[in-house]
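Q: Please take a close look at the largest cavity in this model and the helices around it. Then go on to the helix pairs that pack against each other.

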Amino acid sequence: MADSAHATDNDNVVEMNTPSTRARVQAFGGFLTNMVLPNIGAFIAWGLLTALFIPSGWIPNEELAQIVGPAIKYLLPLLLAITGGRMVGGQRGAVMGAIGAIGLIVGSDIPMFLGAMVIGPLGGLVIKKFDKLIENRIPAGFEMIVNNFSLGILGFLLMILSFYFIGPAIESANNLVTAAIEALVATGLLPLLSLINEPAKVLFLNNVIDQGIYYPLGMQAAAETGKSIYFTVASNPGPGLGLLLAFTFFGKKTARRTAPGAMIIHFFGGIHELYFPYVLMKPLTIIGMIAGGASGIAVFSLFDAGLVAGPSPGSIFAYLGLTPKGSFLGIISGVLVATVVTFLVTAFILKLDKSSEDEDISASVEKSKAMKQAGKKSSTNRQKDQDINTISFVCDAGAGSSAMGATTFRKKLQKNDIEGMEVKHYRIEDAPEHSDIIVVHEDLQERARKAHPDKEIIAISNYLNDPALEELMDRLNKK
C-alpha cells in the first residue's frame, strides 16, 4: 500500500509531520522504551523502598533506608546500561555497557539514568563493530583470548572516556534540561508542558518524552524528596478517561459504542493507546486533552503531589500504588480534575460537530480495503489465506496495545472455532520472521513496513472493533 504522504528524492528538508520522520522518532522512542521496560520492576522496587523507609516515609527505617542511595546510583543505571548494551551487541554488548556505565556513575554527582541510556547502546555498538571487523580473522585456538582481551581493553578505554568526558558532558546537558523544567515549576508554568505532551502522545511519541526525559528527571527528584511530579506530567490517566467519557455520551454511532470498552481498559489497564484513534478521528478534541492535562498538572503542583516511580502501565492502580504518604489527596484530585476538564471541553466540541460519523467510518472501511488489496499483489487470495498460520500483533513496546489486540483476536478465533493459529504480540522490530501477517496501528505502519518489508501488514485504527480485523477474520473463516 502506498503511503499517503512521503518525502521525494529532491526534498532537502523533511518536516516533522511527514511519516518518515515521525517513524524514525517513534523508533527512537521504542528503543528507549525497550531499554526501560524490562527494568520497570526494579524502578518500582526502589520506589516502594523509598516510600516506606526514608525519614518521611510510611514506616521510617534507618537501616533499610541505607539501600535507597546505592540502588539509585548504581543498581538502576547499571540495569539500563546492561539492557541497552545487550539490545545492540548481545551479551558482550551488555558487559561493555556495564563497564562504560561505571565510569559515568563514579565520575558524576547525579544519578546517571540519561548517561546509562547513552553509554549502554554505545558500548554495545563499539563491541559489535569490533567483532565484525575481526570476523574470520582470528587464528584457530585463539578465539577465547582475543574475545576476552578485546572486551577488556575496549571496556577499559570506554570506562576512562566515560569518566573524564562523556559523563561530564551528559551531566551538563542533564542540568540544562533540569534547570529549564525547574524554571517552569518556579514560575507556575509547568502545565504548559501539556502543549507538547498531549499532541506527542497521540502521535505515538509518548515513549520519547516519558522514558527519555520525564522518568530520568523524576528519579533524580525522587532520590532527594521521595517523590516527583515529573512522573505525572505525561502519564495522567485522567485526560484519556474524560475524552472517552465524552465520546460515550456524545459520540456518534461506532465511537459511542466502542468508547466504554476502551475507557475501562485505558483507565484500569493503563493502555493509553486506546484513546489515540478517537483524537485522530476528531483532531479538534486535542484541545480537550491539552486543557485536561494542564489542569491535572496544575492541581498536582498546587498540592505538591508526586509519585515515587514512573507508573508503567499508566493505570489508576499504578498511580495509587506509587503514591507516597501525604500525596493521595493531590494525586486523586489531579486525576479527577483532568478527567472533568477534558470531558467538558471534549463534550462541547462533539456537540458542535455537525459532521456525519458515517463518513469517517466509510473512510476507514475504504482504507482497510485498500490495505487488503495491497496485500494481495504478491499472490492470489485463496493461496495466501491458506498459508496463514502466524499472526503477530505489534506496537511500540510490544507490551501494551499489541498484547491487548492479540488477546482479543485469540478470543475471536476461539469463538469462531478456528484452531491452530499462532497469535502473539511483539515490539515492532521483534516480530519473528515466520510471521505470515503483522497487525499494527496505522500510525506505526511505516515503521513496521521498514522493519518487515516482505510481510503482509494490516494497519488498524481501533484495537477493539476495526474493519480490517473483521475482514481478516472473514478470510480465516473461509480457509
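A: What follows starts at the cavity and then goes through three helix contacts.

The model is a predicted one. The structure holds five cavities of 30 Å³ or more. The largest cavity has a volume of about 110 Å³. Its lining counts 13 residues, and those closest to the centre are V36, F43, Y215, P216 and M219.

Which helices build this lining? At least two residues each come from α2 (40-53), α4 (113-133) and α7 (206-225). Helix α7 gives the largest share, with four residues. The chemistry of the lining is mostly nonpolar: 11 residues are nonpolar, two are polar and none is charged.

Now follow α2 away from the cavity. Its partner here is helix α3 (residues 68-106), and the two axes come within 10 Å and cross at roughly 170°. An angle over 145 degrees counts as roughly antiparallel. Helices α2 and α3 are therefore roughly antiparallel to each other. On the α2 side, the contact uses A42, F43, W46, L49 and T50. On the α3 side, V68, A71, I72, L76, L79 and L80 meet them. By class, the contact of α2 with α3 has 10 nonpolar residues, one polar residue and no charged residue. F43 has a part in both settings: F43 is among the residues closest to the centre of the largest cavity, and F43 also belongs to the α2 side of the contact with α3.

The next pair is helix α8 (residues 238-250) with helix α9 (residues 254-269). These two pack at an angle of about 155°, and their axes lie 7 Å apart. Helices α8 and α9 are therefore roughly antiparallel to each other. The crossing of α8 past α9 is left-handed. Helix α8 brings G240, L241, L244, L245, F247, T248, F249 and F250 to the contact. Helix α9 answers with A255, R256, A259, P260, A262, M263, H266 and F267. The residues of the contact of α8 with α9 divide into 12 nonpolar, three polar and one charged.

The last pair is helix α6 (residues 194-202) with helix α11 (residues 286-302). Their packing angle is about 130°, with the axes 9 Å apart. That makes α6 oblique to α11. Helix α6 passes α11 in a right-handed crossing. From α6, the contact takes S194, L195, E198, P199 and V202. From α11, the contact takes I286, M289, I290, G293, A294 and I297. Eight residues of the contact of α6 with α11 are nonpolar, two are polar and one is charged.

To recap the orientations: α2 with α3 is roughly antiparallel, α8 with α9 is roughly antiparallel, and α6 is oblique to α11.

How values were computed:
Residues numbered from 1 in each chain as written. Predicted model: local features only at pLDDT ≥ 70, side-chain atom pairs only at ≥ 80, totals over all residues. Heavy atoms only, no water. Axes fitted to C-alpha atoms, helices over the stretch in contact; angles between N-to-C directions. Parallel < 35°, antiparallel > 145°, perpendicular 65-115°, else oblique. Left-handed = near helix turned anticlockwise from the far one by under 90°. Contact = heavy atoms within 4.5 Å. Nonpolar A, V, L, I, M, F, W, Y, C, P; charged D, E, K, R; others polar. 1 Å grid on protein atoms, 1.4 Å probe; cavity = no way out; pocket = protein on both sides within 12 Å on 5 of 7 lines; lining within 4 Å. Points joined across faces, edges and corners; volume = space filled by probe spheres on them.
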